[in-house]
Amino acid sequence: MAPVLDFPINVGRIDDVQELKKARKTEIPNRFVRDMAERPMLAATTHFPLSTSIPVIDLSKLMRGNKQEFHYEILKLSSSCEEWGFFQVINHGIDLDLLEKIEKVAMEFFMLPVEEKQKYPMAPGTVQGYGQAFVFSEDQKLDWCNMFALGLVPHSIRNPKLWPTNPPTFSETVESYSKEIRKLCKDLLRFIALSLGVGGNVFEEMFGVSVQAMRMNYYPACPRPDLVLGLSPHSDGSALTVLQQGKGSTVGLQILKNGTWVPIQPVRNALVINIGDTIEVLTNGRYKSSEHRAVTHKEKDRLSIVTFYAPSYEIEIGPMAEMVDENNPSKYRRYNHGEYSKHYVTNKLQGKKTLDFAKISPKNTF
Ligand code: OGA
Ligand code: NI
């Protein structure tokens, strides 16, 4: 079951940002111009001290390290998930050629003529295909981004009509890549469970056949990066998200930490991992799904390839018994994960507001 909209919407005209860029107009259409409060303050963020950045986890130390290395890395993992909800993973074991290949086919796809890409349209209110997701009304501001998204696992969420035949190696590359990323997600969830002091298989056993989806985000250069956002602030509805930044990509991803937008400095060959809403709920808020967004660059484009890994739609979610006691009462109710997925994809991206769905007291911010 792929979640779908059950109310009518009118999204108005959605300009394709790559086409706007080609038209070389310096004026940004009003629908992309953010209200003052939402505009990124680029000067403040680009000069952020480099030391203030998300932790880097060496997966090889978790997989094959000696006892001391393992212990140190697990502690780092646990503090990253508690304090940032984000980390970068190096020595992840995924063939670097495969990372290059997926970027190559993604870029080839985005560089196709718009008519070709529109053969795989993301219908309004849906989240697969080419276009802009999470747009539900005519007066909603738009992101300076083109997306191409596919549901991957289980096969029942696939829409074969949306799988491009051009570039010719697109589908096979997506298949190989998604298998590797799936393994990585399973490994990471095992270590995340261990870092919480619960059994390593807890999440895998609970999740059933995990849902896996992929979104390629292409952010063309924007003549006025100070006025627009590449991607609106949000937290991810997944359990875990794996984000690959295009090689040599500019700084674009930012995390909200203590009220400040902190840019993520790309680390060579690393993958960015973030905790999604599901793990926040399961851990009763101990591990955070941090709010994040993407900004654009005046001269350079940027690509990201994002995998969302989440429980099967059928399962019930709620804080795990081990995470609740009299000092830590349940902050979230129990709910069906399919219902949360539907709630997530039928609302615009709006910071962490989507998770109010699960909060016992929505005003309870922490
Ligand atoms: C996402 C996301 C950020 C980026 O796709 O959910 O947060 O840098 N992307 O593309
Ligand atoms: Ni995200």
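# Notebook: ligand 1 and its surroundings

**Entry 1, the shell.** I started with the residues around ligand 1, and by class I found six nonpolar, four polar and three charged residues in that shell. A reminder to myself: this is a predicted model. I then looked up who sits there, and 13 residues surround the ligand. The closest are Arg215, Tyr219, His292, Arg302 and Ser304.

**Entry 2, polar contacts.** Which side chains put an N or O atom by an oxygen of the ligand? I checked arginine 215 and found a side-chain N or O atom 2.9 Å from an oxygen atom of ligand 1. For histidine 292 I also noted 2.9 Å between a side-chain N or O atom and a ligand oxygen. Histidine 234 brings a polar side-chain atom to 3.1 Å from an oxygen atom of ligand 1. I next looked at how much of the ligand is covered: on its own, ligand 1 has 290 Å² of accessible area, and the protein covers 99% of that.

**Entry 3, where the ligand sits.** I asked which cavity holds ligand 1, and the model places ligand 1 in the largest cavity. Three elements give two or more residues each to the shell: strand S5 (211–219), strand S6 (231–234) and strand S12 (302–310). Which of them gives the most? My note says S12, with four residues.

**Entry 4, from His292 into the strands.** I came back to histidine 292, one of the closest residues to the ligand, and followed its strand. Histidine 292 is in S11, and isoleucine 255 stands opposite. Strand S8 (residues 253–257) and strand S11 (residues 292–294) run antiparallel and are joined by three bridges. I then followed S8 to its other partner in my notes, strand S9 (residues 260–263); this pair is antiparallel too, with four bridges. Here isoleucine 255 stands opposite valine 262, so I have written this residue down twice, once for S11 and once for S9.

**Entry 5, the hairpin and its backbone.** S8 and S9 form a hairpin with two residues between them. I checked the turn and found that asparagine 258 has a positive phi of about 45°. Most residues other than glycine have a negative phi, and most peptide bonds are trans, so I kept looking for exceptions. Asparagine 269 is not a glycine either, yet I read a positive phi of about 60°. I located asparagine 269 in the loop between S9 and strand S10 (271–275).

**Entry 6, cis peptide bonds.** Where do I find cis bonds that lead into a proline? One joins valine 153 and proline 154, with omega about -5°. Another runs from asparagine 166 to proline 167, with omega near 0°. I placed proline 154 in the loop between strand S4 (146–153) and helix H7 (170–195). Proline 167 also lies in the loop between S4 and H7.

Key
Residues numbered from 1 in each chain as written. Chains lettered and ligands numbered in written order. Predicted model: local features only at pLDDT ≥ 70, side-chain atom pairs only at ≥ 80, totals over all residues. Heavy atoms only, no water. Near = heavy atom within 4 Å. Polar contact = N/O pair within 3.5 Å; in protein donor to acceptor, adjacent residues only side chain to side chain. Areas by Shrake-Rupley, 256 points an atom, 1.4 Å probe, with all protein chains shown as cover. 1 Å grid on protein atoms, 1.4 Å probe; cavity = no way out; pocket = protein on both sides within 12 Å on 5 of 7 lines; lining within 4 Å. Sits in = over half its atoms within 2 Å of the grid points. Nonpolar A, V, L, I, M, F, W, Y, C, P; charged D, E, K, R; others polar. Pairing = 2+ DSSP bridges.
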